[in-house]
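Thanks for sharing this one. My notes follow, point by point, and I hope they help as you look through the model.

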Amino acid sequence: MEYAENILGTIGNTPMVKINKIIGDIPALVLAKYETFNPGNSVKDRMAVKMIADAEADGRLKPGGTIIEGTSGNTGMGLALAAIVKGYKMVCVISDKQSKEKVDILKAVGSKVIVCPTNVAPEDPRSYYSTSKRLAEETPNSWYVNQYDNPSNAAAHYESTGPEIWKQTDGKVTHFVVGVGTGGTISGVGKYLKEQNPNVKIWGIDTYGSVFKKYHETGIFDENEIYPYITEGIGEDILPKNVDFSVIDGFVKVTDKDAAIYTQKLAKIEGFFLGNSAGAAIKGLLQLKDNFTKDDVVVVLFHDHGSRYVGKMYNDEWMRERGFVEDVAKNASDLIKE
Ligand code: PMP
């Protein structure tokens with residue numbers, strides 16, 4: 001018989017899928033590390049179970065405890081699944097720019113959800129950073145996960161995602177492209193791949209309104225780079241400890257409009273029903289196309305599933321209201337030529 005002991009046993013070992021049409025004339029082999037096959041439908045299941053296991057091991061998380069996290073949804077989903085299996089209570093603190101679907105999904109898996117305003121500074125007591133910290137201080141037997149600064153986040157990707165990519169490409173991967181939020185994915189995978197082959201190039205996808213690209217290029221944390229944006233899951237107005245800038249070769253910024261349009265294109269052109277950061281990642285990869293030759297093997301990681309965005313990037317009215325729609329209305333053959 002072949003079965004997992006519980007749902008957590010199905011995390012990881014996700015497929016790698018060739019990207020065929022949307023890459024246009026890029027001569028390289030371009031592969032998607034397709035993370036929606038995880039049980040919580042995102043890559044974040046991997047770090048959620050690792051952060052919990054490490055906190056259990058050193059006593060930060062005790063039996064019957066309450067797990068508290070500020071999360072854009074996907075980490076919350078992974079944590080909630082683990083909380084169910086392991087008997088913990090789960091509280092997610094989420095910002096109000098996140099899709100309604102994400103809130104509903106978290107509630108569906110038994111999490112309490114507290115919604116905070118997005119457009120306040122991180123140190124503002126109303127922000128989701130401050131609220132989650134305060135809740136953890138006030139709740140007995142609770143543990144504040146803090147995925148931004150928790151080293152188990154990047155470690156999960158160093159131990160699982162990175163080795164899987166290396167193995168699935170037979171060690172031939174030459175470039176890794178991925179959206180950056182907490183930095184766990186890029187830093188863990190980047191460190192692992194560079195240890196195997198220091199020539200592998202690691203590219204981060206950032207958004208307009210986020211500090212990463214400028215900081216990487218200049219070492220300056222420039223507050224003028226910070227303003228509200230629509231893209232979900234990537235970009236930050238802080239520098240999380242999980243971003244290891246030393247393994248990142250460069251950042252590319254993608255606009256909200258392009259990220260939204262390319263999310264739709266991935267579905268319509270490749271049959272990849274994915275989240276908004278996947279649209280940003282593939283558009284960023286296209287912006288990098290001059291870096292790729294025919295012998296290259298480029299891996300792009302797609303973080304989460306399209307179901308979380310049906311009311312947004314997959315909703316024509318939502319797209320039209322933001323002036324994002326005209327490009328999507330073209331037929332697929334025109335889109336491929338771009
Ligand atoms: N895309 C989505 C949809 C996410 O939820 C996240 C996590 N914030 C990311 C990308 C970025 O991943 P990481 O936090 O590992 O940098």
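1. The buried residues of helix H2 are Asn74, Thr75, Gly76, Met77, Gly78, Leu79, Ala80, Leu81, Ala82 and Ala83. I call a residue buried if 20 or more other C-beta atoms lie within 10 Å of its own, exposed if 12 or fewer, and partly exposed in between, with C-beta atoms placed from the backbone. H2 is largely enclosed by the rest of the structure, because 10 of its 13 residues are buried. Helices (H or I, at least four residues) and strands (E, at least two) are DSSP runs, numbered from the N terminus.

2. A word on the model itself. This is a predicted model: local features need pLDDT of at least 70, side-chain atom pairs count only at pLDDT 80 or more, and totals for chains, interfaces and linings use all residues. Residues are numbered from 1 along each chain as its sequence is written. The protein chain has an average pLDDT (the predictor's confidence in each residue, from 0 to 100) of 94, and 96% of the residues score at least 70. For the complex, the predictor gives an ipTM of 0.99 and a pTM of 0.94.

3. Back to H2: what covers its buried residues? The cover includes helix H1 (44–57), strand E3 (66–70), strand E4 (89–95) and helix H3 (100–108). H2 spans residues 74–86 and reaches 18 Å from its first C-alpha to its last, close to the 18 Å expected at 1.5 Å a residue (that is, 1.5 Å times one less than its number of residues). After H2 comes Gly87, with a positive phi near 80°.

4. Now the ligand. Its surroundings comprise 18 residues, of which Gly181, Thr182, Thr185, Gly233 and Ser277 come nearest; a residue is near a molecule or strand if its C-beta atom, placed from the backbone, lies within 6 Å of it. Helix H6 (residues 184–196) gives the most to this shell, with three residues. By type, the shell has three nonpolar, 12 polar and three charged residues. Here Ala, Val, Leu, Ile, Met, Phe, Trp, Tyr, Cys and Pro count as nonpolar, Asp, Glu, Lys and Arg as charged, and the others, Gly among them, as polar.

5. The largest nonpolar core has 55 residues, and those with the most contacts inside it are Phe176, Val177, Val178, Leu193, Ala281 and Val300. Apart from it lies another core, of 32 residues, among them Ala83, Val113, Tyr128 and Tyr129. A nonpolar core is a set of buried Ala, Val, Leu, Ile, Met, Phe, Trp, Tyr and Cys residues joined through C-beta atoms within 7 Å. Beyond four places in sequence, Val178 touches Thr185, Ile186, Gly204, Ile205, Ala281, Val300 and Leu301; contact requires C-beta atoms, placed from the backbone, within 7 Å.

6. Two asparagines are worth a look. Asn13 is not a glycine, yet has a positive phi of about 50°; Asn13 sits in the segment before strand E1 (16–18) and is exposed, with 11 C-beta neighbours inside 10 Å. Asn141 has a positive phi near 50° and lies in the loop between helix H4 (128–138) and strand E6 (142–144).

7. Finally, is Lys213 buried or exposed? Lys213, in helix H7 (residues 212–218), counts as buried, with 20 C-beta neighbours inside 10 Å. Leaving aside neighbours within four places in sequence, Lys213 is in contact with Asp206, Phe251 and Lys253.

Key. Contact = placed C-beta atoms within 7 Å.
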